[in-house]
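Student: I want to test the labels people put on a structure. Can we take them in turn, each against its definition?

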Amino acid sequence: MEIDGDEALLQRKQSAYLSLDEKFEIRNETYRGQQYSQIYFARLHLMRTLLYSLVPNWKPSMPVCTVLGLEEGKECIIVGTLYKHMKLKPSILDEYSKERSATPLVKPHNFLHPNDHLVLEDESGRVKLSGSMLLPSAYVTGLVVALHGKETVAGDFLVLDILEAGLAPQTELPFESREDKYVVLVSGLSIGSSTSNPLQFQLLVDHITGHLGDEKEQDIASQMVHVIIAGNSVEIPHGLLNGQNSASKDHSIHSDPIQELDILLTQIAAGVPVDIMPGANDPANFSLPQQALNRCLFPGSAAYNTFRSCTNPHCFELDNIRFLGTSGQNIDDLQKYSDAKDQLEFMERTLRWRHLAPTAPNTLGCYPFTDRDPFLIESCPHVYFVGNLDKYDTCLLKGSEGQLVRLISVPKFSETGIAVVVNLRNLECHALSFGTQFSP
C-alpha cells in the first residue's frame, strides 16, 4: 500500500482484504434478447432444492405436491414463487387506459392496499392464497417459500404455516486475540447537489487521515483500516443521465462534481484503502447489479492501489469478517411494495429470505441473467449494511444456527452529516457526526 509522509507518522494498522464481487460482475454474459423468466426459473430451482431439504425437519410426515396436484381438503406442502396482486401498483399501461384509477395512495410512495392478495405459482400452475397466517403487507413478488395448508371449496389454498429459507450458513467469527480496527461506512455524499456541504465531507476526510484533533483523535484515526462509500456520491443533472445532448458550456456542471469527489478520494486513498460503490444517482448502469464506476473518472485516486471501484451490491472480507452491502435500491423498493416497522426490519427480511433483491426484476431493474440469480445469499455475512437510508440505525441479528449479523442502516451524509464506524474486533458500531453550524 502506498502511503504519503503524513500517513507514515500515524503508523496506520493494516487488514487483509478479499473481494467477493465476482458473482455481481457481468463479464461473459451476452444479451440476446432473453426475457426475465429465466432468472425466476433459476431462483425457483435453487431455492426449492434448499426448502425441500428443510421440509423433513419442519413437517416430517407431510406430503409435498405441486399446485396442479392439489386436492380439496387434503393437507400438503407446496413450494413456489409468490406473486402479489396489488391494486395500486403502477403500470405502464395506465397512461393508455380510459378508466385510469384515481384511488389515492395510503402513504406517499407506497402502493399497499387493503385488498392486496398473494398468489403462489410453480411450473404447473398458480393458486390464490388465503388465511390470516400469510399477511400480504409483509411479502413481495419474487419470494420463494414453502407453504403448509389445504385447498378450499372456493379453489384457494388456505395457508396454515409458512417456511422461509432462514439465515444462510455463516463462517465462524474470528474474535480471539483481535485488536481494535475500524471500518468507516458513508453514503449519499451527493457532491454537486444543493444539500451537499463541501466542508462537512472535508472534515470527515481530515478525521480519517488523522489531520483533525489531538493525539487521541489521531490514535483512533490510525485504527481506521478501510473506508466504504456506499453510493450516490455525486449528483448529476438528470438530463445527462437520460442521454440528452448538452452544450459545451454545460460540461463543467457535469464534470465538476466528479472532479471534486476525485480530489477528496485521493486524500483518503493516500493512506487508507477505500472502496466506492455506484448508486442510483451515479454515472453507472441503472439496473442491478451495478457495475464498478469507470476508473477513468478518478485519475487522481486511481493512481493509488488502495483505491477500488466496486460493484453494487458489494461483498468482501476484511480479516475474515464478511461484509455485504448495497447502495439502498433494494430496500427502497421493498418500502414501496411492503410494510415494516422500520428499515432494519426490511434488511432482516432480505437475510431471512436469503435474497438481496426479491423484487428484481418485477419492480426493480436487474440484468436478465439466464442461468443464475446473483442476488441469492449463499453465505451469511457478519456485517450487512445498506446506504442512502433515512437515518442511522443498527442492531445485532441472531440466527437459529448461531449466526450473528450486524445490521447497519447508513444515512445520507449530505443530509445528516453522519458516517458509521464498525469495530472489526467485536462488530460494535457507532455514528460519527460532522456539523459546520456554529452556535452563537
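Tutor: Start with a ruler. The expected span of a helix is 1.5 Å times one less than its number of residues. Helices (H or I, at least four residues) and strands (E, at least two) are DSSP runs, numbered from the N terminus. Bear in mind that this is a predicted model: local features need pLDDT of at least 70, side-chain atom pairs count only at pLDDT 80 or more, and totals for chains, interfaces and linings use all residues. Residues are numbered from 1 along each chain as its sequence is written, and side-chain values use heavy atoms, with hydrogens and water left out.

Student: How do you know that the span of helix H2 agrees with its number of residues?

Tutor: H2 covers residues 37-58, which is 22 residues. At 1.5 Å a residue they should span 32 Å. The end C-alpha atoms are 30 Å apart, so the two values agree.

Student: Which residues of H2 are buried?

Tutor: Buried means under 20% relative accessible area, exposed means over 50%, and partly exposed lies in between (1.4 Å probe, protein chains only). In H2 the buried residues are Ile-39, Ala-42, Arg-43, Leu-44, Met-47, Arg-48, Leu-50, Leu-51, Val-55 and Trp-58. An α-helix has 3.6 residues a turn, so residues three or four places apart point the same way.

Student: What do the buried residues of H2 pack against?

Tutor: Four strands: S2 (76-85), S3 (117-122), S5 (144-151) and S6 (157-163). Contact here means heavy atoms within 4.5 Å.

Student: Why is Leu-54 called partly exposed?

Tutor: Leu-54 is placed in helix H2. Its relative accessibility is 26%. That falls between the 20% and 50% limits, so Leu-54 counts as partly exposed.

Student: What does Leu-54 contact beyond its neighbours within four places in sequence?

Tutor: Leu-163, Glu-164 and Ala-165. Glu-164 is 110 residues from Leu-54 along the chain, yet their C-alpha atoms are separated by 9.5 Å. Across the protein, residues 24 or more positions apart account for 74% of the contacts with a separation of 6 or more.

Student: What makes S2 and S5 a pair?

Tutor: Two strands pair if DSSP finds at least two bridges between them. S2 and S5 have six and run antiparallel. One bridge sets Cys-76 against Gly-149 in S5. S5 also joins S6 by six bridges, again antiparallel. There, Lys-150 stands opposite Leu-158.

Student: How many residues lie between S5 and S6 in their hairpin?

Tutor: Five, and Gly-155 in the turn has a positive phi of about 95 degrees. As for cover, seven of the eight residues of S5 are buried.

Student: What makes both faces of strand S11 count as covered?

Tutor: In a regular strand the side chains alternate between the two faces of the sheet. S11 (residues 314-318) has five of its five residues buried. His-314, Phe-316 and Leu-318 lie on one side, with Cys-315 and Glu-317 on the other.

Student: Which strands pair with S11?

Tutor: Strand S1 (residues 17-19) pairs with S11 in the antiparallel sense over three bridges. Strand S12 (residues 321-326) joins S11 by five bridges, also antiparallel. Phe-316 serves both: Ser-19 stands opposite Phe-316, and in S12 the bridge partner of Phe-316 is Phe-323. S11 and S12 form a hairpin with two residues between them, and Asp-319 in the turn has a positive phi of about 50 degrees.

Student: How many disulfides does the structure hold?

Tutor: Zero. Cys-429 shows the test: the nearest cysteine sulfur, that of Cys-395, is 9.5 Å away, while a disulfide is a pair of cysteine sulfur atoms within 2.5 Å.

Student: Is Cys-429 buried or exposed?

Tutor: Buried, because its relative accessible area is 16%. Cys-296, at 69% relative accessibility, counts as exposed.

Student: What makes a set of residues a nonpolar core?

Tutor: The members are buried Ala, Val, Leu, Ile, Met, Phe, Trp, Tyr and Cys residues joined through side-chain atoms within 4.5 Å. The largest core here has 54 residues; Leu-129, Tyr-139, Leu-147, Phe-157 and Tyr-384 touch the most other members. Helix H8 (residues 343-352) gives the most to this core, with four residues. Apart from it lies another core of 33 residues, including Ile-191 and Phe-307.
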